[in-house]
Structures are given as C-alpha cells and as structure tokens.
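Welcome! Have the model open beside you, and let us walk through it step by step.

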Amino acid sequence: MGLFDIFKRKSKVDKETQADEQQTSEVAQSAESQSENNVGQEIVSATNTQSEPQASTEPTSNETDVQSEESSEITTVESTEGEANNIESEVLSDEMTKSADTKIQADADIEETQTASPVTQSDEPVSQPTSEDQQDNKYEQGLEKSRTGFGARLNALLANFRHVDEEFFDNLEEALIESDVGFEMAVSLSDQLREEVKLQNAKSQQEVTNVIIEKLVDIYEQQGKNEDNAIHFAKQGPTVILFVGVNGVGKTTTIGKMAALYQRQGKKVLLAAADTFRAGATEQLQVWGDRDHVKVVTGPDQGDPAAVVYDAVNQAKNEDYDVLFVDTAGRLQNKVNLMNELAKMKRIISREIEGAPQEVLLVLDATTGQNALTQAKLFKESTDVTGIVLTKLDGTARGGIVLAIRNELHLPVKMVGLGEQVDDLQEFDAGEFVYGLFKGLVTATK
Ligand SMILES: Nc1nc2c(ncn2[C@@H]2O[C@H](COP(=O)(O)OP(=O)(O)OP(=O)(O)O)[C@@H](O)[C@H]2O)c(=O)[nH]1
Ligand SMILES: [Mg+2]
C-alpha cells in the first residue's frame, strides 16, 4: 500500500473532527490572509488546526507570555538536553558540536512559534482506543511538534503565496533545511518539486501543497526500498543487542523500554550494565531492571566493561535467555578509547555466541539535528551498525531528520522514541511517521 493510501484511509477517519476544527480556525484566521488566499483557504485552515487556536507564524511577545504548562515542561526538557550536549562536546570533535547550540536555539524559536498556543489533544477519539489506535496516537502525539513546526513554516510560506516563482522555491528550500531534512536533500527536493509543480500544472495553494507533500512521501518511500527495519533474532539461543551512541542520547532509557516490550511478549530478557565509566550508570540501568522485573548483570565501577559483557553473555547462554541487551558508555576518556572499547565488547560477544550480536543499534537524539548525522557517520566508520534508534522525536520540531538519515546514512531507523515513559517507544513505521508529520496539511486527492 502506498503512503498516500494511508493518508486517504486515515484522513477519512479524521474528517469529522477536522471539519469541526476547521470552523474554529477559520474564525481565528486573520482577515488579511483570508482576503489574500481565497483558493488556498482550505490548506491554511487545516494547518491551523494543528496548533490551535492560532497558527501563529509570527509570534508576538504577547503570545510568548501565554505559554501553556505543557510548553514550559517541554522547555525544561530541552534545556536539560542542552546540558547533555555541552558535556558531550568534550568528547566529540569540534565539527560535531559546533552547530549544536544554534540548533537548540533554533528549536527554541520554533518552539515559541508552536507553543504560543496550547497544544490540545482534541482530535483524540472519545471511544476506547484499540492497540493499533494507541500506536497511531503515539506517532501523532510524538510528532506534534514536528508537524506544527513544518506546518507553521509551510503556512508562512503560503501566507504570501500568489504564484509559484523562483522566490517561492527558494523559501521552500529554506523551510526544508530548517526542518532538518539535510541540505542536499532540501536542494534536490526543491529541484524535483519545481519539475513536478510544472508537470502537474499546480497553481492553487492546495494543489501546490499536495504536490510538495506527495513528492516528499514518494522520495522517502523510494529511498526506503529494500530497507530492512526489523529487529533480527537468533534462530536458536540468545539474541544479543548492543546499544551504542554518545552520552545522553537515550541508550539506557531505550533499553529499559525495549526490555519491557519484549518481556510483555513473553521473552526472557537479560541486561548488561557495560557502562562502568559514568558514575551512576549501572544504578540507572538497575532501576529499569527492577521496574521491568528483569535481571541486570553488573560489574564494579570503573571496572572493565568487557568483563561485564563476558559474564552477561555466558549467563544468557547458560540460563536460556532469549534476549540480552548490552548498555554501553556514551563517553570515555576520549573518542578513540570509546571506539576501541566497543570493538572489544563486540569481539567478545561474537566469540562467545556465533552470529551475535544480531543487532548493533546506534541511538541518536533527534533534537541534535544534523549533529546526530555527524555522530552516526563516526560510529558507522568504526562499528558495524545495523540500525538506528531515533529518540526524543517528541522533543523536536525537526522530524525531517528521518529523511536525512535515509538519504545520507542508508541505515534503517528501527525504533523511535516518542517520550520518556516506558511505552513511549515504537517500532519505526514509515507510513505512520509520514502521516504523523503531514497530517492536516494534505488533502489526499489521488
Ligand atoms: N522526551 C524524550 N526523552 C527521552 C527519550 N529517550 C530518552 N530520553 C531522556 O533522555 C535523557 C538521557 O537518557 P539516557 O537513557 O540516560 O541516555 P544515555 O544514552 O544512556 O546516556 P549516557 O548513559 O550518559 O551515555 C533521560 O532524561 C531520558 O529520560 C525520548 O524518546 N523522548
Ligand atoms: Mg546510559
């Protein structure tokens, strides 16, 4: 099923709610944009519904004052992440960290734009959600910021829309870059969109918007062909999953969430606390272990992490565990040490269990934008990464990073983190993801 079919199927369900919201946002719309954009009214309104009660493409100081409780909560989370990034920069090379601060500031700006109005959950169904519904909602909620961020940018672009010209495409390119799809991707996208808009003779705002999103979805889908985003398990004996990534990206949290997920599926799960470097790291994993009722293999602080891995692998073999998750340090004395340590752990795992580790998952923090890509390239060079876990998508307006990962890294995103709670982890579903990003912006006409 094509991704656009998902839009059709889902937008049918959403239709009723959207009709209500549309009315509200039509009232809220400024008189200026109403008179200017008769043809494109529908899309602007649909976009507005994502950031009720106003799309607020230009936040005023007034609007910043009326931030909801939710938005201040998010700001706190982001500032913590900012700290994590600062610590991380001690380990990472200059080029990896130099853009981090600007990124965070830029995210904060977008944040202001979006959270000037409270994000309501009014489009949630009232009836008891099924588990499939719940998964859909996770995506929709987790991608709320990205959606409103991109929506606000597109909305701003379309507010001045009169006709498709060079300036329009320049601005579109800028909006795509700001959404973190990556520079190359943004340039190539706007080139292809130029062609497509001409080809389809799109003139109205709605037509142009549809062409833009349709093309984004198409390209994304094409690049994902042959992509294997399943987590692989051993045919026999324990499956070992090694987690790598710089500090603060969410390795330990993801392990805690995944352990709970597999435990619920009836698998026998074991954890290895192979981050002996950072004070408190073992305890942090132990907390997750206790919460999930899962055993944790530990070693002494500052001890050899490879020794912990060795113990854990042997316990997994001897006690018939199904899955062993290995938590590793995000930083050591330096980058070279970190990479050597990871290589050593991997060697031990492979030596003790044939075919293991079945997965080496690189955890990336979506809020660090392009910086995450630089980290990925570094890890990819020295470790056989099998897939990506993209965390904190709920905390960024730059969900476009998923497109950049596909385009530049050619590594499958296997799981996504959409919050801090134990069930805020989802298997990556391209259809859900794209829908979560563009819902409300598009009217499926195909
Ligand atoms: N909002 C949000 N926060 C997350 C997500 N995943 C992890 N976090 C938070 O990110 C912070 C860092 O997570 P950790 O799991 O400790 O990161 P780590 O990679 O193990 O860090 P080190 O052990 O220092 O290498 C914690 O406060 C987590 O709650 C997510 O998907 N969404
Ligand atoms: Mg950790």
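## A walk through the model

Leaving aside residues within four places of it in sequence, Arg153 is in contact with Ala175, Glu178 and Ser179. Keep in mind as you look that this is a predicted model. Arg153 is part of helix H9, which covers residues 144–159. Is Arg153 buried or exposed? Arg153 is buried, because 22 other C-beta atoms lie within 10 Å, and 20 or more is the mark for that label. Another residue to find from here is Glu174: 21 residues separate Arg153 and Glu174 in sequence, and their C-alpha atoms are 9.3 Å apart in space.

Now step back to the whole protein. It has 19 helices and 8 strands. Of its 446 residues, 47% are buried. Among the contacts with a separation of 6 or more, 78% are between residues 24 or more positions apart.

Let us turn to a pair of helices. Helix H10 takes in residues 166–178, helix H11 takes in residues 183–199, and their axes come within 9 Å while crossing at roughly 145 degrees. The crossing of H10 past H11 is right-handed. To see where they meet, look on the H10 side for Phe169, Leu172, Glu173, Leu176 and Ile177, and on the H11 side for Phe183, Ala186, Val187, Leu189, Ser190, Leu193 and Arg194. Sorted by class, the residues of this contact are 9 nonpolar, 1 polar and 2 charged.

A second pair is formed by helix H17 (residues 370–382) and helix H18 (residues 401–409), which pack at an angle of about 35 degrees with axes 11 Å apart. H17 and H18 also make a right-handed crossing. Here Ala372, Leu373, Ala376 and Lys380 of H17 meet Ile401, Ala404, Glu408 and Leu409 of H18. The contact of H17 with H18 holds 6 nonpolar and 2 charged residues, with no polar ones.

Next comes the interior. In soluble globular proteins, nonpolar side chains tend to be buried together. In this model the largest nonpolar core has 94 residues, and those touching the most other members are Leu271, Ala272, Val309, Ala312, Leu324, Phe325 and Val326. Which residues does Leu324 contact, leaving aside its neighbours within four places in sequence? The partners of Leu324 are Pro238, Val240, Leu270, Ala272, Ala312, Val313 and Ala316.

From the core we can move on to ligand 1. There are 23 residues around ligand 1, and Gly250, Thr252, Thr253, Gly330 and Gly417 come nearest. By class, this shell is made of 5 nonpolar, 11 polar and 7 charged residues. Which element gives the largest share of the shell? That is helix H13 (residues 251–264), with 3 residues.

Thr253 deserves a pause, as one of the residues that come nearest to ligand 1. Thr253 has its place in helix H13. Thr253 counts as buried because it has 23 C-beta neighbours inside 10 Å. From Thr253 you can also find Thr391, which is 138 residues away in sequence and 9.5 Å away in space, C-alpha to C-alpha.

Our last stop is a set of loops. The loop between helix H16 (335–352) and strand S5 (359–365) holds Pro357, and the peptide bond leading to Pro357 from Ala356 is cis, with omega near -5 degrees. Glu354 lies in the loop between H16 and S5 as well. With 9 C-beta neighbours inside 10 Å, Glu354 counts as exposed, and 12 or fewer is the limit for that label. The C-alpha atoms of Glu354 and Ala234 are separated by 9.5 Å, with their positions 120 residues apart along the chain.

Two further loop residues have a backbone feature to look for. Asn226 sits between helix H12 (205–223) and strand S1 (239–244), and has a positive phi of about 65 degrees although it is not a glycine. Asn226 is exposed, because 6 other C-beta atoms lie within 10 Å. Gln302 is found in the loop between strand S3 (295–297) and helix H15 (305–318). Gln302 is not a glycine either, yet has a positive phi of about 65 degrees. Having 10 C-beta neighbours inside 10 Å, Gln302 counts as exposed.

Definitions and conventions:
Residues are numbered from 1 along each chain as its sequence is written. Chains are lettered from A and ligands numbered from 1 in the order in which they are written. This is a predicted model: local features need pLDDT of at least 70, side-chain atom pairs count only at pLDDT 80 or more; totals for chains, interfaces and linings use all residues. A residue is near a molecule or strand if its C-beta atom, placed from the backbone, lies within 6 Å of it. Helices (H or I, at least four residues) and strands (E, at least two) are DSSP runs, numbered from the N terminus. Ala, Val, Leu, Ile, Met, Phe, Trp, Tyr, Cys and Pro count as nonpolar, Asp, Glu, Lys and Arg as charged, and the others, Gly among them, as polar. Two residues are in contact if their C-beta atoms, placed from the backbone, lie within 7 Å. A nonpolar core is a set of buried Ala, Val, Leu, Ile, Met, Phe, Trp, Tyr and Cys residues joined through C-beta atoms within 7 Å. Axes are lines fitted to C-alpha atoms, for helices over the stretch in contact, and angles run from 0 to 180 degrees between N-to-C directions. A crossing is left-handed if the near helix is turned anticlockwise from the far one by less than a right angle, and right-handed if clockwise.
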